[in-house]
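User: Please take a close look at one helix and what packs around it. Then follow the surroundings outward, residue by residue.

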Amino acid sequence: MTGVAGVEPVAEARELVEEARRVVVLTGAGISTASGIPDFRGPDGLWTKNPKAELMSDIRHYTADPEVRVLAWMDRLAWADVDARPNSGHMALVALERRGVLDTLVTQNIDGLHHLAGSDPAKIVEIHGTVRDVVCLSCDDRRPAETVLQRVRAGESDPRCERCGGILKSATISFGQLLVQADLRRSVEAATRCDLLLAVGSKLSVYPVAGLVPLAKEGGARVVIVNAEPTEMDGYADVVVRGDITTSLPAILGVPTG
Ligand code: NAD
């Protein structure tokens, strides 16, 4: 591994990107913090500051405890009110795609900002789901989140499914829920066939997604990691760039900013 901070690792990473013909990008919460959405485990992360918030992301607590659901709906309203917009990190990935070398964009993010930035939906795998939809945990009815958020704004603190009365939840994957197997398969296949894996804004501590890094490496791909702090997968990286994503990612991808 080389790199860590400064101009040199950015230049090294840029060289690897220029040589690559089939790139898989793996993004985490760190790419969206500059858009106003806090991460969970970074120094200012929601769970770092308030470990109890993690309970809302566990399906067992969510289904068993109405208070957890009420807090979760308040949280969803707050997310919706942020009206987050893509930043230069998301836009740099759109530019990479336009060069024709992006194979798949696997995101752990649930914020929909890669879609909003203009990335091709066919190339995106939202491996942890999305907050743009709401699903019923009993009958699987799925509809746009805004329709349910309007009911919460109107005073329903724990809205129920209009079809069957079941518990409603964001269409995200909580702890205790299985990933969508087709999404996982797509991600594994992409990591196996890529020649460069670019991991951006994740501590790479959540499995099975973090496992895509060693998988790509074993398949012969080069690995570049861009994150403000050390990750659990830095040992697999050919280059680690420790810097702010909004400036370092455009620089690595050769995209002018501002
Ligand atoms: P994480 O919270 O574990 O790690 C984020 C990392 O990004 C941290 O190491 C942090 O230091 C770094 N970081 C933050 N801002 C940065 C910046 N501007 N430049 C460089 N680095 C920066 O994130 P994770 O690995 O994605 O795991 C969190 C889980 O929670 C995800 O699986 C996701 O489903 C969910 N989540 C999603 C969002 C979102 O959709 N935006 C936000 C919070 C959490």
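Analyst: In this predicted model, the cover over the buried residues of helix H8 includes four strands and a helix: S2 (23-27), S3 (102-107), S4 (124-126), S8 (196-200) and H9 (212-218). The residues they help to cover are Leu-184, Ser-187, Ala-190 and Ala-191. Seen down the axis of H8, these buried residues fall within an arc of 130°, so they line one face of the helix. The general rule behind such a pattern is simple: an α-helix has 3.6 residues a turn, so residues three or four places apart point the same way. H8 itself runs over residues 181-193, 13 residues in total. From first C-alpha to last, H8 reaches 18 Å, close to the 18 Å expected at 1.5 Å a residue.

Start outward with strand S2, one of the covering elements. Leu-26 lies in this strand. Its relative accessible area is 0%, so Leu-26 is buried, the cut-off being under 20%. Beyond its sequence neighbours up to four places away, Leu-26 touches Val-106, Gln-108, Leu-198, Ala-199, Val-200, Leu-204, Val-209 and Val-213. Take Val-200 from that list. Leu-26 and Val-200 are 174 residues apart in sequence, yet their C-alpha atoms are 6.2 Å apart in space.

Leu-204 is another partner of Leu-26. Leu-204 sits in the loop between S8 and H9. Its phi is near 55°, a positive value in a residue other than glycine. Leu-204 is buried, with a relative accessible area of 2%. The loop between S8 and H9 also holds Pro-208. A cis peptide bond joins Tyr-207 to Pro-208, with omega about 5°.

Compare a second positive phi. Asp-83 has phi near 50°, and Asp-83 is not glycine either. Asp-83 is found in the loop between helix H4 (66-82) and helix H5 (88-98). At 48% relative accessibility, Asp-83 counts as partly exposed, whereas Leu-204 is buried.

Now go to strand S4, also part of the cover on H8. The loop between helix H6 (113-117) and S4 holds Ser-119. Ser-119 is buried, with a relative accessible area of 3%. Neighbours within four places in sequence aside, Ser-119 is in contact with Val-94, Glu-97, Leu-105, His-114 and Ile-124.

Last, a pocket. The second largest one has a volume of about 260 Å³. Of the 18 residues lining this pocket, the closest to its centre are Val-135, Arg-142, Ala-171, Ile-173 and Val-180. Strand S5 (129-136) and strand S7 (168-172) are the elements that give two or more residues to the lining. The lining divides into 8 nonpolar, 5 polar and 5 charged residues.

Val-135 deserves its own entry. Val-135 is placed in strand S5. With a relative accessible area of 17%, Val-135 is buried. Leaving out neighbours within four places in sequence, Val-135 is in contact with Asp-141, Arg-142, Ile-167, Leu-168, Lys-169, Ser-170 and Ala-171. Arg-142 and Ala-171 are also named among the residues closest to the pocket centre. Gly-166 is 31 residues from Val-135 along the chain, and their C-alpha atoms are separated by 9.6 Å.

Terms used: Residues are numbered from 1 along each chain as its sequence is written. This is a predicted model: local features need pLDDT of at least 70, side-chain atom pairs count only at pLDDT 80 or more; totals for chains, interfaces and linings use all residues. Side-chain values use heavy atoms; hydrogens and water are left out. The expected span of a helix is 1.5 Å times one less than its number of residues. Buried means under 20% relative accessible area, exposed over 50%, partly exposed in between (1.4 Å probe, protein chains only). The arc is that of the directions from the helix axis to the C-beta atoms. Contact means heavy atoms within 4.5 Å. On a 1 Å grid over the protein atoms alone, a cavity is a set of points where a 1.4 Å probe fits but cannot get out, and a pocket is an open set with protein on both sides within 12 Å along at least five of seven lines; lining residues have an atom within 4 Å of a point. Grid points are joined across faces, edges and corners, and a volume is the space filled by probe spheres set on the points. Ala, Val, Leu, Ile, Met, Phe, Trp, Tyr, Cys and Pro count as nonpolar, Asp, Glu, Lys and Arg as charged, and the others, Gly among them, as polar.
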